2 protein chains.
Amino acid sequence: MAVKRATEVAAVKALVFDVFGTVVDWRSGIIREGQALGAIKGIKPDWEAFADAWRGMYQPAMSEVREGRRPFTKLDVLHRESLDALIQKFGITGLSEEETDAFNRAWHRLDPWPDSVPGLTRLHVKYPLAPCSNGNVALLMNMARRARLPWDAILGAEPARAFKPTAESYLRTVDMLGLQPPRVMLVAAHADDLKAAAGQGLRTGYVHRPFEQGPKAKPPEDTSGFDVVAKDMVELAELLGC
Amino acid sequence: MAVKRATEVAAVKALVFDVFGTVVDWRSGIIREGQALGAIKGIKPDWEAFADAWRGMYQPAMSEVREGRRPFTKLDVLHRESLDALIQKFGITGLSEEETDAFNRAWHRLDPWPDSVPGLTRLHVKYPLAPCSNGNVALLMNMARRARLPWDAILGAEPARAFKPTAESYLRTVDMLGLQPPRVMLVAAHADDLKAAAGQGLRTGYVHRPFEQGPKAKPPEDTSGFDVVAKDMVELAELLGC
């Protein structure tokens, strides 16, 4: 793995991060929370399929907002709408409103990948760090307190009132940092997110997360256009001189 | 000092803070930065008067936005406009654009009162903490990194796109925390800020900062209506069981 554009990377003053899949392992976390709920309620749906289906409804739900058919809506609300539909689809019964709400907040309790906190903690000494995630502020803040993610601010879709990958989601985040786009690097495990950010002038750091979608590794992405490519967050810190 | 409404205070789930005057000592900080700049440039204006004049232009500048005559504008920009006027008024010459910009960022480098970090660090174990300040995100984030203020998120005027004491400034901050107003306490050294927050249903914590306006203590305010009154941030932590 390598720094591909050293001059551009040396000018970076702050790092912003995709979160779901890049910093935290959403799939294992949702499966774990589902299994814990199932053990209490005596139900055994296929929690792996449930987790994949829940995440599968994520992009379509945001599209309503991105395409202007719906005003900006917090991800907690979109997650809850998807959850209500999936509870029906998977034939789950007997959940109280309180239990359903608590399960919806499973997204607030996702665990970081093992290298995330060590890597971020090193990066934090040199750079201000913030999420640039589609998660809402409370979700990201609760997650960070539980997992000890060293964010300096909680930025992204809710403060920007725009979901990624719209231009506004990146540009308003950069503006809140008081910087110009070439001074900010987006770190993500998703090529499409990084390409959209690069289109707005941000620098790009790709982190490999082959097992985001489960134990069968996802197909490799073309990372040749990104400024830095790292195998994990600790290597990213090393490559950035932290 | 005392907790006046124990039941209401026990229901609080997050604390938000006024910053200028409550967490940091803006007056000493601006005077110190002015003196440092003056030493380099060989100029000796009355930096105490300069600091008071700069802060004196703060409310009128925000009024333009609050009253709808101007779109939301970051405090860094308002500070700079005031600074440009004061440089003229105090007859200061010979500052480059770079020096003027650096002096404008003196507000990013204010020191906390001596009890602020110890008190916030204790409060942070129990409560999520965020500024609810008229400062912009970059200002508050840079200040927090320098002073090691343990914020979980940077909230307030810029994410809310509304200056205190408008209703929106408090209500959008509470909404981003994912809470209802009675679950959030505003901590401030200014009775008018707390009264406006209480008017929107927030809980209130008054912290005495008698020397905010200089060595001659400011007149005491009527604190009888607030939920908690503390002599400093460490006592606030004690009163809240931290």
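**Setup**

I call a residue buried under 20% relative accessible area, exposed over 50%, and partly exposed in between, with a 1.4 Å probe and protein chains only. I worked on a predicted model, where local features need pLDDT of at least 70 and side-chain atom pairs count only at pLDDT 80 or more, while totals for chains, interfaces and linings use all residues. Residues are numbered from 1 along each chain as its sequence is written, chains are lettered from A and ligands numbered from 1 in the order in which they are written, and side-chain values use heavy atoms, with hydrogens and water left out.

**Entry 1: contact between the chains**

I looked up the contact between chain A and chain B, taking contact as heavy atoms within 4.5 Å. Chain A contributes 20 residues and chain B contributes 20 residues. For buried area I used the accessible area (1.4 Å probe) that two parts lose on being put together, summed over both. The value for chain B and chain A is about 1700 Å², and carbon and sulfur atoms give 55% of this. On the chain B side, M141(B), R145(B) and M176(B) lose the most area to chain A, and together they make up 35% of what that side buries.

I then counted polar contacts, meaning pairs of N or O atoms within 3.5 Å; within protein, one atom must be able to donate a hydrogen and the other to accept it, and residues adjacent in sequence count only if both atoms are side-chain atoms. There are 12 residue pairs in polar contact between chain B and chain A, both residues being at pLDDT 80 or more. Helices and strands here are DSSP runs numbered from the N terminus (helices H or I, at least four residues; strands E, at least two). The side of chain B that touches chain A draws at least two residues from each of α7 (116-126), α8 (137-147), α9 (157-160) and α10 (167-176). Of these, α8(B) gives the most, with four residues.

Salt bridges were next, each a side-chain nitrogen of Lys or Arg within 4 Å of a carboxyl oxygen of Asp or Glu. I find four salt bridges between chain B and chain A. R145(A) and D152(B) pair in a salt bridge, at 2.9 Å from N to O.

**Entry 2: salt bridges in the whole structure**

Over all chains the search returns 48 salt bridges. I noted E33(B) with R109(B), whose closest N and O atoms are 2.8 Å apart. E33(B) sits in helix α2 (residues 26-41) of chain B and R109(B) in the loop between α6 (97-104) and α7 of chain B, 76 residues apart, and the pair links distant parts of the chain. E33(B) is buried, at 14% relative accessibility, whereas R109(B) is partly exposed at 24%.

I also noted K164(B) and D193(B), with closest N and O atoms 2.7 Å apart. K164(B) is in the loop between α9 and α10 of chain B and D193(B) in helix α11 (residues 191-199) of chain B, so this pair ties together parts 29 residues apart in sequence. K164(B) is buried at 5% relative accessibility, and D193(B) is buried at 6%.

A third pair on my list is K218(B) and E212(B), at 3.4 Å from N to O; both K218(B) and E212(B) are buried. In chain A, salt bridges with shared partners join R32(A), E33(A), R109(A), D111(A) and R146(A) into one network.

**Entry 3: helix α4 of chain B**

Which residues of α4 (residues 58-66) of chain B are buried? I listed Y58(B), A61(B), M62(B), S63(B) and V65(B). Their cover includes α3 (47-56) and α5 (75-89) of chain B. G68(B), just after α4(B), takes a positive phi of about 80°.

**Entry 4: L240(B)**

I placed L240(B) in the segment after α12 (233-239) of chain B. L240(B) is buried, at 5% relative accessible area. Leaving out residues up to four places away in sequence, L240(B) touches V9(B), L15(B), L123(B), K126(B), Y127(B) and V228(B). The C-alpha atoms of L240(B) and L123(B) are 8.0 Å apart, although the two residues are separated by 117 residues along the chain.

**Entry 5: cysteines**

I searched for disulfides, defined as pairs of cysteine sulfur atoms within 2.5 Å, and the structure holds zero over all chains. For C242(A), the nearest cysteine sulfur is that of C132(A), 19 Å away. C242(A) is partly exposed, at 23% relative accessible area. For C242(B), the nearest cysteine sulfur is that of C132(B), 19 Å away, and C242(B) is partly exposed at 23%.
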